[in-house]
Structures are given as C-alpha cells and as structure tokens.
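Student: I would like to learn how to read a fold from its contacts and its buried residues. Where do we begin?

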Amino acid sequence: MTMPTVLFAGDSITDCERRDDPAGLGDGYVLRITRALAGQARWINRGISGNSTRDLRDRWTADVLAERPSLVSVLVGINDTWRRYDSGTVTTPADFEANYRALLDPLAADGVALVLIEPFLLPVRAEQIEWREDLEPKIDIVRDLAREYRAVLVPADSELNAAGDAVGLAPDGIHPSPHGTDLLAKLWLDHAVPLLAALPPR
C-alpha cells in the first residue's frame, strides 16, 4: 500500500545537516519524529539553514509542491527576525504574513494537511531580549494562520520558554541542544500525530 508523504520545511532547525545524511533526514527533530513513527509515512526533509519566509517562498514549488505531500510541517521565522539585528534586513509583519500565506495557499487549495510550528527564541544573551519585540508579532501571525487554515499548531515558543533552562535547551538561544530537540520532537508528536491516521496517500 502506498504511504502518505510527510514533508518538513524550514531553516537550520529543520535542516540539521540533512544533506550530509544518506537518509536525507538530518539529526534533529525530524529524525526523532521519523524514528517514533517508523513505517507510517514517507518522510522528506526540505529544511535549509539560514532560510527566511522569503527564501522558502522562492523555492516552494520545486522543493515542496513537486513532492505532492499529504502533510507539510513548517517551522520558519527566526531568520526573519535575526537578519534585522545582524544585517539590517527587516521583514515587516505584513511581509512575513504575505510570504507565509504564499506557502500555505497552494497546499490548502490541494487539501494538504498542515502543521505550523511557532518560531521560537530562548534569550540567553541580553541583546536577544530585544529580538522578542520583532519575533512576537510573527509568532502571533503563525497562530492566526493556523486557525484560519485549520492547521495543527505546535506551540514551540510558549512551551520551550515555559520549560525554563534556556541555555540547556538552546545554548545560543536559537538552535536546540539534544535535550531541546527531544522536547521539540515530543511537542510535534503530541500535537500532530492525530493527523497521520487520516492522511491519504498521494
């Protein structure tokens, strides 16, 4: 029987060296999810380090839509914030929303199941506290889009911050440690697994 295709899209947190992995999954939360759900789907990782919503939008047709997925999980947004502070490239909330809608619209029109993971930041340096001002409106947009598109929302920012021990979960405030990666994968499984039973093969 043909299995459904589950595709993960995003930035470095999704990528996790997947292009150096013969299985193409990397060594991050995607790998942990696929191990927990082995044999239940065809798994594809399309994360690319450094990507913003604009970058995903530019490669969406070739990297995502062409795979005809049954479910797409998206984790993107921290680079839309980070670039404001390290290179002066600003992604306004309006541009962020427009880019994100461009990702979701063709999937929704084709009946693809959606999982949206909140972009997250666990400030470990004083200057990162300021970043929250830029990131929080983008998190709110992801939450609103999840409601509008009837997507599963994985509350990564709220849950990871509530867990405490920012340095232990993400030593640089952005990229999860092994412990942070385990928690991110568990959050995804806790929220998204019910979708899998209803996925049609494509």
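**Contacts, fold and a buried acid**

Tutor: Start with contacts. Among those in the chain between residues at least 6 apart in sequence, 77% join residues at least 24 apart. Keep in mind that this is a predicted model.

Student: Which pattern does the chain follow along the sequence?

Tutor: Read along the sequence, it is β-α-α-β-α-β-α-α-β-α-β-α-α-α. That gives nine helices and five strands.

Student: How does the radius of gyration of the chain sit against that of a compact globule?

Tutor: The rule takes the number of residues and predicts a radius. For 202 residues it gives a value near 17 Å; the chain has 16 Å, so the two agree. The C-alpha trace spans about 55 × 35 × 30 Å along its principal axes. Buried residues make up 50% of the chain.

Student: What does UniProt place at residues 8–181?

Tutor: The unreviewed entry lists "domain: SGNH hydrolase-type esterase" there. This span is 50% helix and 13% strand, and its end C-alpha atoms lie 15 Å apart.

Student: How should I read a charged residue such as Asp11: is it buried or exposed?

Tutor: Check burial, then look for a partner. Asp11 is buried and has no salt bridge. The nearest side chain of opposite charge, Arg83, is 8.3 Å away; a salt bridge needs the charged atoms within 4 Å.

Student: Where is Asp11 in the chain, and what lies around it?

Tutor: Asp11 is in the loop between strand 1 (5–10) and helix 1. A polar atom of its side chain lies 3.1 Å from the backbone nitrogen of Ile13. Beyond its sequence neighbours within four places, Asp11 contacts residues including Gly47, Ser49, Asn51, Gly77 and Asn79.

Conventions. Residues are numbered from 1 along each chain as its sequence is written. This is a predicted model: local features need pLDDT of at least 70, side-chain atom pairs count only at pLDDT 80 or more; totals for chains, interfaces and linings use all residues. Side-chain values use heavy atoms; hydrogens and water are left out. UniProt positions are given in the numbering used here, feature names are shortened, and annotations may be inferred rather than shown by experiment. Helices (H or I, at least four residues) and strands (E, at least two) are DSSP runs, numbered from the N terminus. Buried means under 20% relative accessible area, exposed over 50%, partly exposed in between (1.4 Å probe, protein chains only). Lys and Arg count as positive and Asp and Glu as negative; His and the chain ends are not counted. A polar contact is a pair of N or O atoms within 3.5 Å; within protein, one must be able to donate a hydrogen and the other to accept it, and residues adjacent in sequence count only if both atoms are side-chain atoms. Contact means heavy atoms within 4.5 Å. The radius of gyration is taken over C-alpha atoms; the globule rule is 2.2 Å times the number of residues to the power 0.38.
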